[in-house]
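Here are some questions you might ask with a model open on your screen. Each one is followed by a short walk through the reasoning.

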Amino acid sequence: MELTTDNKLKKLIIVGDRILIKPKKASEKTKSGLYLPPGVHEQEKVQYGYVMKTGPGYPIPLPAEEDEPWKEREESIKYIPLQAKEGDMAIFLQKGAFEVMYGDEKYYIVPQASILMLEREEDL
């Protein structure tokens, strides 16, 4: 299968409470009109970008007690879902993020705890 812009992220599986974020292109000029050298925005402590994929969430531990040992037990894992959804604008701490390159594009893998704020288009 050839990777295209439509299906390149479909093969990625984000694990646990992690979120894949594509950084938003920062402007190269300040408000006063000065041009900034490349790399200045990457050194800031707070970054922002779009949520591309999310993990399943925080796993809930299975109960350890066996009150009826003859019954077959279902071993499906249940998760507490994450707040972030695909398409949200996320403001996150750079310190907790891991920068990865995938398909010649830069992404950040960020734990849910490092996200400070989400902006969603739909009403809550």
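Q: Is R18 buried, partly exposed or exposed in this predicted model?
A: Buried would require under 20% relative accessible area, and exposed over 50%. R18 has a relative accessible area of 34%. That value falls between the two cut-offs, so R18 is partly exposed.

Q: Which residue forms a salt bridge with R18?
A: In R18's salt bridge, the closest N and O atoms are 2.6 Å apart. The partner counts as buried, at 13% relative accessibility. That partner is D17.

Q: How many residues apart in sequence are the parts tied together by K22 and E105?
A: K22 and E105 form a salt bridge, with their closest N and O atoms 2.7 Å apart. K22 lies in strand β1 (residues 18-23) and E105 in strand β7, so the pair ties together parts of the chain that are apart in sequence by 83 residues.

Q: What is the relative accessible area of E105?
A: Let's look at both ends of this salt bridge, which joins K22 and E105. K22 counts as partly exposed, at 31% relative accessibility. E105 is partly exposed too, and its relative accessible area is 23%.

Q: Which residue meets R120 in a salt bridge?
A: R120 sits in the segment after β8, and its partner is in the loop between β4 and β5, 32 residues apart. R120 is partly exposed, with a relative accessible area of 24%, whereas the partner is buried at 3%. The N to O distance is 2.7 Å, and the partner is D88.

Q: How many salt bridges does a search of the whole structure find?
A: We have now met the pair D17 and R18, the pair K22 and E105, and the pair R120 and D88. The search of the whole structure finds a total of 3.

Q: Which residues does K85 touch, not counting residues up to four places away in sequence?
A: K85 lies in the loop between β4 (78-80) and β5, and it is partly exposed, with a relative accessible area of 45%. The C-alpha atoms of K85 and V51 are separated by 6.7 Å, although these residues are 34 apart along the chain. The residues that K85 touches are V51, T54 and R120.

Q: Which strands stand at the edges of the open sheet?
A: The open sheet has 6 strands in the order β6-β7-β1-β2-β5-β8, with antiparallel pairing. An edge strand has a single partner strand, so one side of it is left without a neighbour in the sheet. The strands at the edges are β6 (98-102) and β8 (115-119).

Q: Which residue in β8 is the bridge partner of M89?
A: Strand β5 (residues 89-93) pairs with β8 in the antiparallel sense over 4 bridges. On its other side, β5 pairs with β2 (residues 46-54) over 5 bridges, where Q47 has F92 as its bridge partner. For M89, the bridge partner in β8 is E119.

Q: Which residues make the nonpolar surface patch of about 340 Å²?
A: One member, M117, lies in strand β8. The patch is made by V46, L93, L116 and M117.

Q: Is Q112 buried or exposed?
A: Q112 is found in the loop between β7 (105-111) and β8. Leaving aside its neighbours within four places in sequence, Q112 is in contact with D17, I19, Y58, L82, Q83 and A84. Its relative accessible area is 14%, and the cut-off is under 20%, so Q112 is buried.

Q: What is the phi of D104?
A: D104 is found in the loop between β6 and β7, and it counts as exposed at 78% relative accessibility. D104 is not a glycine, yet its phi is positive, at about 65 degrees.

Q: How many helices and strands does the protein have?
A: Read along the sequence, the protein follows the pattern β-β-β-β-β-β-β-β. The secondary structure comes to 0 helices and 8 strands.

Conventions:
Residues numbered from 1 in each chain as written. Predicted model: local features only at pLDDT ≥ 70, side-chain atom pairs only at ≥ 80, totals over all residues. Heavy atoms only, no water. Pairing = 2+ DSSP bridges. Helix = DSSP H or I, 4+ residues; strand = E, 2+ residues; numbered from the N terminus. Patch = residues over 30% accessible without salt bridge, like charges linked within 9 Å, V, L, I, M, F, W, Y side chains within 5 Å. Areas by Shrake-Rupley, 256 points an atom, 1.4 Å probe, with all protein chains shown as cover. Salt bridge = Lys/Arg side-chain N within 4 Å of Asp/Glu carboxyl O. Buried < 20%, exposed > 50% of the residue type's maximum accessible area, 1.4 Å probe, protein only. Contact = heavy atoms within 4.5 Å.
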